[in-house]
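Me: Could you take a close look at one part of this model for me? I'd like to hear about the helix that sits between the first two strands, and what goes on around it.

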Amino acid sequence: MCVFEGILPCFVQFMLGLTAHSLQESQEFDILEAFVKTQQKGEFYMKVLLLNGSPRKEGCTYTALCEVAKALESAGVETEIFQAGDPSRENVRAAAEKVKEADGLVVGSPVYWASPSGQIIEFLDLLSGMAGKDLLHKPAAAVASARRAGTTATLDVLLKYFSFHQMPIVSSCYWNMVHGNTPDEVRRDEEGMQIMRVLGKNMAWLLQSIEAGKKAGVTLPQAEEKIRTNFIR
Ligand SMILES: Cc1cc2nc3c(=O)[nH]c(=O)nc-3n(C[C@H](O)[C@H](O)[C@H](O)COP(=O)(O)O)c2cc1C
């Protein structure tokens with residue numbers, strides 16, 4: 001038997017395989033390129049607003065939020081850290097404007113007396129009144145920074161604002177907390193830093209999933225008229 005009778009079909013198959021493979025690769029490249037171009041044109045991008053609920057502008061809470069922001073940015077999500085340690089009406093109004101444009105929200109607070117700071121409570125009370133409808137259905141996460149204790153109680157309080165506004169709550173590989181009295185101590189809390197990074201990645205993944213859902217025709221649940229009984233019958 002001629003040796004080419006066996007080799008030739010194999011060679012043809014091999015070449016066809018190579019062509020198909022490079023075709024698939026070039027298609028994947030085209031999709032990626034199109035995605036990057038749309039992002040650059042600003043037609044399709046996502047943004048997360050991060051509220052720092054400490055009166056210390058660049059303290060421990062800020063340090064934790066920076067780590068979340070870094071992970072979000074690496075996943076292609078734009079971020080802005082907003083100083084929410086000042087609950088004056090004009091500052092809350094400025095945040096309310098930003099909430100309109102944001103796709104997701106992260107609220108960070110130092111632990112004061114085993115609770116969130118008074119400033120962030122006042123801030124969120126006002127924000128809920130001013131921008132409640134703009135919070136609806138946007139993914140959200142809370143972050144607590146403490147020297148030692150009161151973190152989970154703080155997170156519980158902050159999460160109440162999200163669950164009231166039907167916001168999907170984003171979690172991490174532990175409850176979202178860092179420990180320290182100074183930014184440097186927080187940076188040395190390796191576990192805390194990892195929790196912040198994973199939180200950022202999870203938030204990016206959820207935002208991208210929601211965006212993909214929108215493109216596939218998934219719509220928001222139909223709103224119901226609110227019933228308020230105040231327990232009076
Ligand atoms: C008024 C006040 C109360 C505090 N209460 C607590 C507390 O109950 N538990 C705790 O672990 N740390 C407590 N701390 C420490 C802060 O939570 C901690 O230093 C935090 O990381 C500071 O974050 P910041 O730099 O963003 O303000 C308190 C600090 C202050 C100023």
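Reply: Here's a walk around that helix, starting with its fold neighbours and ending at the ligand. Keep in mind that this is a predicted model.

The helix is α2, residues 60-74, and together with β1 and β2 it makes a right-handed β-α-β unit. The two strands of that unit, β1 (residues 47-52) and β2 (residues 78-83), pair in the parallel sense over six bridges. If you want a spot to orient yourself in that pairing, L49 in β1 stands opposite E80 in β2.

Now for the packing. The largest nonpolar core has 50 residues, and V48, L50, L65, V68 and V106 have the most contacts inside it. To this core α2 gives the most, with nine residues. That fits a general habit: in soluble globular proteins, nonpolar side chains tend to be buried together. V68 is a good residue to click on: leaving out anything up to four places away in sequence, V68 touches L50, V106, V143, M196, L199 and G200.

The helix also has a hand in the ligand site. Of the 18 residues that surround the ligand, the closest are S54, G59, C60, T61 and P110. α2 supplies at least two residues of this shell, and so do β3 (104-112) and β5 (140-146). The biggest share comes from β3, though, with three residues. As for chemistry, the shell is a mix of eight nonpolar, seven polar and three charged residues.

So that's α2 in two roles: it contributes to the largest nonpolar core and to the shell around the ligand.

Terms used. Residues numbered from 1 in each chain as written. Predicted model: local features only at pLDDT ≥ 70, side-chain atom pairs only at ≥ 80, totals over all residues. Near = placed C-beta within 6 Å. Helix = DSSP H or I, 4+ residues; strand = E, 2+ residues; numbered from the N terminus. Nonpolar A, V, L, I, M, F, W, Y, C, P; charged D, E, K, R; others polar. Pairing = 2+ DSSP bridges. Right-handed = clockwise from strand over helix to strand, strands pointing away. Core = buried A, V, L, I, M, F, W, Y, C linked by C-beta atoms within 7 Å. Buried ≥ 20, exposed ≤ 12 C-beta atoms within 10 Å, placed from the backbone. Contact = placed C-beta atoms within 7 Å.
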